[in-house]
Amino acid sequence: MSQHPDWFRRADAAILQHLVEERPTYLALVANRLGMPADYAQRRMDRLVADGLVEPVTEEVVYRITERGERRLAAYTEREGSPEAGLVAGN
């Protein structure tokens, strides 16, 4: 049984990993660097914000990972390995 909530996707882990490495950053850059459609990246980012894993930093909507997000990413990486860039919607 997974220790991650049903809604958590590989794409979410990739976003969290990107924010660990390149924080804080704009959604458009996250989507571009990870090869995700912008609308899909926005939906995933909104979900991550709703769960407290990332937070907007400025009114221009620059995101950074939270401590809770770092813990979730560490648990995911330990179980699933590092998320890879170039993900497609639905992963």
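The paragraphs below lead through this structure from its overall layout to single residues. This is a predicted model, in which local features need pLDDT of at least 70 and side-chain atom pairs count only at pLDDT 80 or more, while totals for chains, interfaces and linings use all residues. Residues are numbered from 1 along each chain as its sequence is written, and side-chain values use heavy atoms, with hydrogens and water left out.

The chain contains four helices and three strands, where helices (H or I, at least four residues) and strands (E, at least two) are DSSP runs numbered from the N terminus. Followed along the sequence, these elements come in the pattern α-β-α-α-β-β-α. Of the 91 residues of the chain, 40% count as buried; here buried means under 20% relative accessible area, exposed means over 50%, and partly exposed lies in between, with a 1.4 Å probe and protein chains only. Contacts, meaning heavy atoms within 4.5 Å, also link distant parts of the sequence: among the contacts in the chain with a separation of 6 or more, 64% are between residues 24 or more positions apart.

A good place to begin is helix α1. This helix covers residues 10–21, twelve residues in all, and it reaches 17 Å from its first C-alpha to its last, close to the 16 Å expected at 1.5 Å a residue; the expected span is 1.5 Å times one less than the number of residues in the helix. Nine of the twelve residues of α1 are buried, so the helix is largely enclosed by the rest of the structure. The buried residues are A11, D12, A13, A14, I15, L16, Q17, H18 and L19. What covers them includes β1 (25–26), α2 (27–34), α3 (38–50), β2 (54–56), β3 (62–65) and α4 (67–80).

From the helix we can turn to the nonpolar core, a term for a set of buried Ala, Val, Leu, Ile, Met, Phe, Trp, Tyr and Cys residues joined through side-chain atoms within 4.5 Å. The largest such core has 23 residues, and those with the most contacts inside it are F8, I15, L16, L19, M45 and L48. The elements that give two or more residues to this core are α1, α2, α3, β3 and α4, and α1 gives the most, with six residues. M45 shows how one residue can touch several others: when residues up to four places away in sequence are not counted, M45 touches I15, L19, L27, V30, V54 and Y63.

Next come the aromatic rings. Rings of Phe, Tyr and Trp (its six-membered ring) pair if their centres lie within 6.5 Å, and the planes count as stacked when under 30 degrees apart, as edge-to-face when over 60, and as tilted for the rest. By this rule the count comes to two aromatic pairs. One of them joins W7 and F8 in an edge-to-face arrangement, with 5.7 Å centre to centre and 70° between the planes. W7 and F8 are both buried, and together with Y76 they form one aromatic cluster. Charged groups also sit over these rings, which requires NZ of Lys or CZ of Arg to be within 6 Å of the ring centre and within 35 degrees of the ring normal. The charged end of R47 sits over the ring of W7, 4.1 Å from its centre, and the charged end of R72 sits over the ring of F8, 5.4 Å from its centre.

W7 and R72 appear again around D51, a residue in the loop between α3 and β2. D51 counts as buried because its relative accessibility is 15%, and, leaving aside neighbours within four places in sequence, D51 is in contact with W7, R68 and R72.

The backbone oxygen of W7, in turn, lies 3.4 Å from a polar atom of the side chain of R9. R9 belongs to the segment before α1 and counts as partly exposed because its relative accessibility is 32%. R9 and R44 are 35 residues apart along the chain, and their C-alpha atoms are separated by 8.6 Å.

The last residue to visit is T66, in the loop between β3 and α4. Its relative accessibility is 12%, so T66 counts as buried. Leaving aside neighbours within four places in sequence, T66 is in contact with G52, L53, V54 and E55, and the side chain of T66 reaches the backbone oxygen of L53 at 2.9 Å.

Note on methods:
Polar contact = N/O pair within 3.5 Å; in protein donor to acceptor, adjacent residues only side chain to side chain.
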